[in-house]
Amino acid sequence: MKNEIIIAKVEAYIYKMFHSDATGHDYYHMKRVAKMAKYLAEQEHGDVLLCELAGWVHDVADDKLTKDPEKAIIELKLFLASISLSDDQINTIVEIISTVSFRKGQDPKSLAGKIVQDADRLDAIGAMGIARAFAYGGNKNRPIHSEDEQQKQHATIQHFDDKLLLIKDKIKTPTAKRIAIERHTYMEHFLSIFYNEWNSDAYH
Ligand code: ADP
Ligand code: NI
């Protein structure tokens, strides 16, 4: 099967699975991660096809998104075999997505693993990261921000200090690092304006 046809079939599989998600893990997140993984693989001399495919399927076995991650992996393997990928290719894809999807926090060993993890993390920062964080917070009934100490801990704006502002230092590949620094700077700018507007007495 030609590469373009393989990718089109994977895209259709992922569309079916994620098109109605409203937690920031929708089909377009998968698409952005796939395209970013492809770009990073080209720049970093990784396996372009496998990085793009792993980008498409990287959240398939995330325990936030599926009740049964093991079953999701079995089904994914069957699907990938049905579109004529070899056992070696399938095992590589599953290994790549394991540190993104179900062995979170562990460091990927391969270059392809680093690329896909970087691509996923890049989508959590910058303008898209800001949009996804507030979408996720809204979906979980979290406040934007609060003046109440207790509520403040659960507010989405807190997630920037807890996680999003730390991402740029966790990026592994040089190409992704450059993109992360730009996106980080943009988030800092957003946060400074956010707090200015929040604190402004001028309109009270
Ligand atoms: P992954 O991409 O590995 O699934 P997460 O589930 O941690 O990573 O994050 C996915 C998206 O959801 C990110 O854009 C992240 O900012 C957002 N998110 C996760 N937890 C929170 C939270 N507590 N508040 C706001 N946004 C969150
Ligand atoms: Ni993701």
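A polar contact is a pair of N or O atoms within 3.5 Å. In this predicted model, a polar side-chain atom of Arg132 lies 3.3 Å from an oxygen atom of ligand 1, so the pair falls within the cut-off of 3.5 Å. Two further side chains reach oxygen atoms of the ligand. A polar side-chain atom of Asp120 is found 3.2 Å from an oxygen atom of ligand 1, and for Lys64 the corresponding distance is 2.6 Å. Taken alone, ligand 1 exposes 540 Å², of which the protein buries 87%. The ligand is surrounded by 14 residues. The closest of these are His25, Lys64, Arg142, His159 and Lys163. Lys64 therefore appears both in this list and among the polar contacts, for which the limit is 3.5 Å.

Aromatic side chains were examined next. The structure holds 10 aromatic pairs. One of them joins Phe160 and Phe190, whose ring centres are 6.2 Å apart and whose planes make an angle of 35 degrees. This pair counts as tilted, because the angle is neither under 30 degrees nor over 60. Phe160 belongs to helix 9 (residues 156-162) and Phe190 to helix 10 (residues 174-199), so the pair ties together parts that are 30 residues apart in sequence. The two residues were also described by their accessibility. Phe160 has a relative accessibility of 0% and counts as buried, whereas Phe190 is partly exposed at 22%.

Phe190 also pairs with Phe194. The centres of these rings are 6.0 Å apart and their planes stand at 45 degrees, so this pair too is tilted. Both residues lie in helix 10, 4 residues apart, which is about one turn of the helix. An α-helix has 3.6 residues a turn, so residues three or four places apart point the same way. Phe194 has a relative accessible area of 15% and is buried. Phe160, Phe190 and Phe194 are members of one aromatic cluster, which also includes Phe134, Tyr195 and Trp198. A ring can also be faced by a charged side chain: Lys140 lies over the face of Tyr136, at 5.4 Å from the ring centre.

Helix 10 also contains His184. This histidine is buried, with a relative accessible area of 9%. Leaving aside residues up to four places away in sequence, His184 touches Leu165 and Lys168.

Helix 3 (residues 48-57) is mostly covered, with 9 of its 10 residues buried. The buried residues are Leu49, Leu50, Cys51, Glu52, Leu53, Ala54, Gly55, Trp56 and Val57. They pack against helix 1 (3-18), helix 2 (27-44), helix 4 (69-82), helix 5 (87-102) and helix 6 (111-122). The N-terminal end of helix 3 is capped by Asp47, which has a side-chain oxygen 3.3 Å from the backbone nitrogen of Leu49. Leu49 is itself one of the buried residues of the helix.

A second aspartate that contacts backbone nitrogens is Asp148. Asp148 is located in the loop between helix 7 (126-139) and helix 8 (149-152). With a relative accessibility of 37%, Asp148 is partly exposed. A polar atom of the Asp148 side chain lies 3.0 Å from the backbone nitrogen of Gln150. For the backbone nitrogen of Gln151, the distance to a polar atom of the Asp148 side chain is 2.9 Å.

Terms used. Residues are numbered from 1 along each chain as its sequence is written. Chains are lettered from A and ligands numbered from 1 in the order in which they are written. This is a predicted model: local features need pLDDT of at least 70, side-chain atom pairs count only at pLDDT 80 or more; totals for chains, interfaces and linings use all residues. Side-chain values use heavy atoms; hydrogens and water are left out. Rings of Phe, Tyr and Trp (its six-membered ring) pair if their centres lie within 6.5 Å; planes under 30 degrees apart count as stacked, over 60 as edge-to-face and the rest as tilted. Helices (H or I, at least four residues) and strands (E, at least two) are DSSP runs, numbered from the N terminus. Buried means under 20% relative accessible area, exposed over 50%, partly exposed in between (1.4 Å probe, protein chains only). A charge sits over a ring if NZ of Lys or CZ of Arg is within 6 Å of the ring centre and within 35 degrees of the ring normal. Contact means heavy atoms within 4.5 Å. A polar contact is a pair of N or O atoms within 3.5 Å; within protein, one must be able to donate a hydrogen and the other to accept it, and residues adjacent in sequence count only if both atoms are side-chain atoms. A residue is near a molecule or strand if one of its heavy atoms lies within 4 Å of it. Accessible areas come from the Shrake-Rupley method with a 1.4 Å probe; for residues, only the protein chains shown count as cover.
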